[in-house]
Amino acid sequence: MNHLPLIIKREYLTKVRNKSFIIMTFVSPLIFAALIAVVAFLSQLNKDKLRTISVLDETNMFEEVFTNTEETKYTFIEGVDLETSKELVKNNENFGLLHIVKSQDSIDIVDNVRFYSDESPSLSIMSGLESTIEKKLSNVKLKINGVDLAKIEESKTRINIAQENFTGEQTSKIDNILKLAFGGAAGYLLFMFIIIYGNLIMRSVIEEKTSRIIEVIISSVKPVQLLMGKIVGTSLAGLTQFAIWLVLGSVILFVISSIFGISMAEMQTPQQEMMQQTMENPEVANELQTAFQSFFNLPLFNLVLAFLFFFIGGYLLYSSLYASVGAAVDNETDTQQFMLPIIMPLILAVYVGVFTVIDDPHGTVSTVFSFIPLTSPVVMLMRIPFGVPIWQQVLSFIILIGTFTFTVWIAAKIYRVGILMYGKKPSYKELYKWIKY
Amino acid sequence: MNNNLLVAENVSKNFGDFKALNDVSISVPKSSIFGLLGPNGAGKTTLIRIINQITMPDSGQIILDGEPLRPIDVQNIGYLPEERGLYKTMKVGEQALYLAQLKGLSKQEAKSRLKHWFDKLDIGDWWNKKIQELSKGQAQKIQFVVTVLHRPKLLIFDEPFSGFDPINANLIKDEILQLRDEGATVIFSTHRMESVEELCDHIALIHKSNKILDGKLTDVKRQYKTNTFEVGLRTENIDGLTKIIEEKYSILPATFKNLNEDLKLNIKLNDNDSSNDLLGFLTNKAEVNHFVEVIPSANDIFIQSVKSN
């Protein structure tokens with residue numbers, strides 16, 4: 001008797017109708033949007049503040065290199081000593097005072113620059129000042145050594161190495177960034193999905209135990225069926241929630257950006273500014289075009305298919321583990337000791353993905369971890385955009401499915417015994433015994 | 001054999017080193033109420049779970065209606081476990097429909113039967129309530145309805161009356177008897193011996209994983225009778241009379257309600273004596289105004305057989 005559709009339907013409906021689930025679904029995007037708005041607002045506040053930095057330049061070399069920007073204004077103080085300048089800066093409520101001391105050797109002032117301020121300056125302010133001075137100094141030194149600065153400027157070249165693999169597919173740096181984004185997003189999505197909805201499954205198993213309905217249910221259906229129904233039903237609820245988040249999120253973002261339209265456009269981080277500058281550069285515009293091209297050059301079909309398979313496979317594997325933890329314990333506080341071995345490989349997978357795959361997608365570490373079943377879904381998803389041979393994908397998937405079958409078998413065993421055990425917190429040794437029953 | 005709906009043949013089950021059931025065989029006749037008795041932890045629940053295919057036996061088999069138990073047979077069994085409950089946040093009607101469908105009923109069929117039962121038990125207005133809004137006794141009623149709704153051949157009740165007030169307990173008892181009369185076979189597990197006396201036709205007693213006793217309740221009682229008679233004698237000389245009887249029979253003092261302040265004794269028959277011999281002996285000595293054979297109660301049998309094992 002196949003009751004799976006019935007169980008899936010019930011699990012889905014109870015999850016979706018649950019009040020906290022509904023609230024989560026509709027409030028989360030609002031909170032998220034509010035956060036973005038707040039961040040946008042705050043960064044704009046920050047921006048409106050114009051800093052004035054006074055420069056006491058005893059060498060008189062730097063007047064033309066400190067140019068005012070939107071955030072910082074430089075004023076030069078002349079003909080007074082350090083103490084008077086300090087007073088002056090304080091009285092004018094300037095941000096700080098940059099003191100460049102003259103030494104015997106006019107060029108060697110490296111150790112003779114000081115910055116005085118009330119608040120300690122941010123890293124970016126300091127490095128901005130440092131690089132300005134460094135640049136000027138090295139120019140001066142070059143000149144002294146008889147180097148023509150114009151020639152140096154002339155000899156600057158940009159190079160963009162064209163990449164091509166042996167089968168003739170062309171790639172580029174932008175390609176790689178795109179691939180990273182793809183793989184990273186897929187892996188991270190899977191990670192989040194497992195954590196959120198794995199917990200949901202675990203809780204619903206515990207709920208059946210605490211409400212004591214479990215024995216009634218499994219006198220009607222096989223535990224494996226109940227387990228699968230739970231996993232599938234909860235996943236569908238999860239997908240529904242994700243879809244709603246996606247739609248709501250984009251609507252809200254659209255609304256926000258049309259209300260604060262102009263201010264959003266003005267809200268730019270330094271990186272964005274840099275991006276914009278580079279985009280105005282004709283060469284880079286070309287690159288942008290190749291980026292679009294390379295998007296279509298990605299093994300899209302393979303990506304989508306692999307995403308589906310590994311996402312589902314990985315999710316099923318982990319959720320069967322979550323379910324057996326739920327079956328083994330009586331209440332949520334007891335789950336901690338069993339959660340660690342589940343979370344660890346997951347986190348390991350993300351770390352391997354972030355640190356190793358980016359570095360060398362086809363290196364030994366990445367390859368090995370993309371076969372180990374508990375890490376393979378995340379790591380493989382991150383590797384695939386870089387082109388993984390089909391046989392590797394298939395093999396890894398087969399291993400994954402094999403492991404899944406095994407864990408479901410184990411989980412069903414633990415489940416069958418555990419759901420009828422009340423009152424005591426089992427040890428690992430006991431879990432092992434249950435598997436043998 | 002054909003008169004038995006359910007037969008357990010040499011069922012054994014171990015949990016690790018712990019022997020939960022040791023070679024237990026029982027036969028449950030059709031349309032009877034079968035009392036499955038035993039002290040706590042004896043193995044009753046394990047046997048019940050094996051019958052429900054929740055756990056598998058290590059050896060032995062279960063025969064239902066002449067055939068070895070199949071997975072589909074869950075539809076022929078209705079089980080009310082001792083550890084029972086319902087989804088707290090689900091509505092009564094929805095939940096009952098779900099559980100009925102799991103037992104193989106179609107949605108329409110389940111709905112019409114539920115309506116019938118809800119009307120019968122006068123609980124129709126609970127349909128849209130959540131379980132957590134009901135009292136424990138009310139939830140138990142729902143649970144009972146759900147157990148019997150699919151009209152199974154075999155009903156298994158584990159402590160069905162716990163949580164019910166006397167009125168509702170009576171109501172449920174009558175329902176159980178009616179189900180039996182309509183042809184259902186009932187396995188009934190309880191520690192309340194007075195309901196065993198009231199309901200059971202057959203009993204089996206499990207103690208420390210072994211079956212130590214089974215059979216028709218009247219047969220078991222016959223087997224456990226001690227040929228003892230409760231006797232009330234009217235006499236002026238109580239001590240003298242006691243002495244005379246004591247010389248011939250082994251006696252114990254007895255207590256029972258009687259209109260007169262008499263000599264009250266439990267007298268055990270001598271071997272090869274009949275009750276008439278005793279009665280004859282007594283009528284010669286005094287006026288007999290009370291003479292009843294002592295029938296062991298289920299409670300006595302339970303305690304006696306568990307202690308002697």
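**Exercise 1. Strand S3 of chain B**

Determine how many of the five residues of strand S3 (residues 33–37) of chain B are buried, and work out which strands S3(B) pairs with.

*Solution.* The structure is a predicted model, in which local features need pLDDT of at least 70 and side-chain atom pairs count only at pLDDT 80 or more, while totals for chains, interfaces and linings use all residues. Residues are numbered from 1 along each chain as its sequence is written, and chains are lettered from A and ligands numbered from 1 in the order in which they are written.

Step 1. A residue is buried if 20 or more other C-beta atoms lie within 10 Å of its own, exposed if 12 or fewer, and partly exposed in between, with C-beta atoms placed from the backbone. Helices (H or I, at least four residues) and strands (E, at least two) are DSSP runs, numbered from the N terminus. Five of the five residues of S3(B) are buried, so this strand is largely enclosed by the rest of the structure.

Step 2. In a regular strand the side chains alternate between the two faces of the sheet. Ile33(B), Gly35(B) and Leu37(B) point one way from S3(B), whereas Phe34(B) and Leu36(B) point the other way, and all are buried.

Step 3. Two strands pair if DSSP finds at least two bridges between them. S3(B) is joined by four bridges to strand S8 (residues 185–189) of chain B, and the two run parallel; here Val186(B) is the bridge partner of Ile33(B). Four bridges, again in the parallel sense, pair S3(B) with strand S9 (residues 202–207) of chain B, where His202(B) stands opposite Phe34(B).

**Exercise 2. The nonpolar cores**

Identify which residues have the most contacts inside the largest nonpolar core, and follow the surroundings of Phe188(B).

*Solution.* Step 1. A nonpolar core is a set of buried Ala, Val, Leu, Ile, Met, Phe, Trp, Tyr and Cys residues joined through C-beta atoms within 7 Å. The largest such core has 126 residues, and those with the most contacts inside it are Ala323(A), Leu381(A), Ile156(B), Val186(B) and Phe188(B). Helix H12 (residues 300–328) of chain A gives the most to this core, with twelve residues.

Step 2. Two residues are in contact if their C-beta atoms, placed from the backbone, lie within 7 Å. Once neighbours within four places in sequence are left aside, Phe188(B) is in contact with Ile33(B), Phe34(B), Gly35(B) and Leu36(B), and also with Phe157(B), Leu199(B) and Cys200(B).

Step 3. A second, separate core of eleven residues includes Leu233(B), Tyr249(B), Leu265(B) and Ile267(B).

**Exercise 3. The open sheet of chain B**

Establish in what order the four strands of the open sheet of chain B stand, and which strands are at its edges.

*Solution.* Step 1. The order is S2-S1-S4-S5 (chain B), with antiparallel pairing. Strand S2 (18–29) and strand S5 (67–68) of chain B stand at the edges, each with a single partner strand, so one side of each is left without a neighbour in the sheet.

Step 2. Strand S1 (residues 4–15) of chain B is joined to S2(B) by eight antiparallel bridges, and Phe18(B) in S2(B) is the bridge partner of Phe15(B).

Step 3. Helix H1 (residues 44–51) of chain B lies across S1, S2 and strand S4 (59–64) of chain B, running at about 120 degrees to S1(B), where axes are lines fitted to C-alpha atoms, for helices over the stretch in contact, and angles run from 0 to 180 degrees between N-to-C directions.

**Exercise 4. Two positive phi values**

For Arg151(B) and Asn272(B), decide whether each residue is buried, partly exposed or exposed.

*Solution.* Step 1. Arg151(B), in the loop between helix H4 (136–148) and S7 of chain B, has a phi near 45 degrees, a positive value in a residue other than glycine. Because 16 other C-beta atoms lie within 10 Å, Arg151(B) is partly exposed.

Step 2. Asn272(B), in the loop between strand S13 (263–268) and helix H9 (275–285) of chain B, also has a positive phi, near 70 degrees. With 6 C-beta neighbours inside 10 Å, Asn272(B) counts as exposed.
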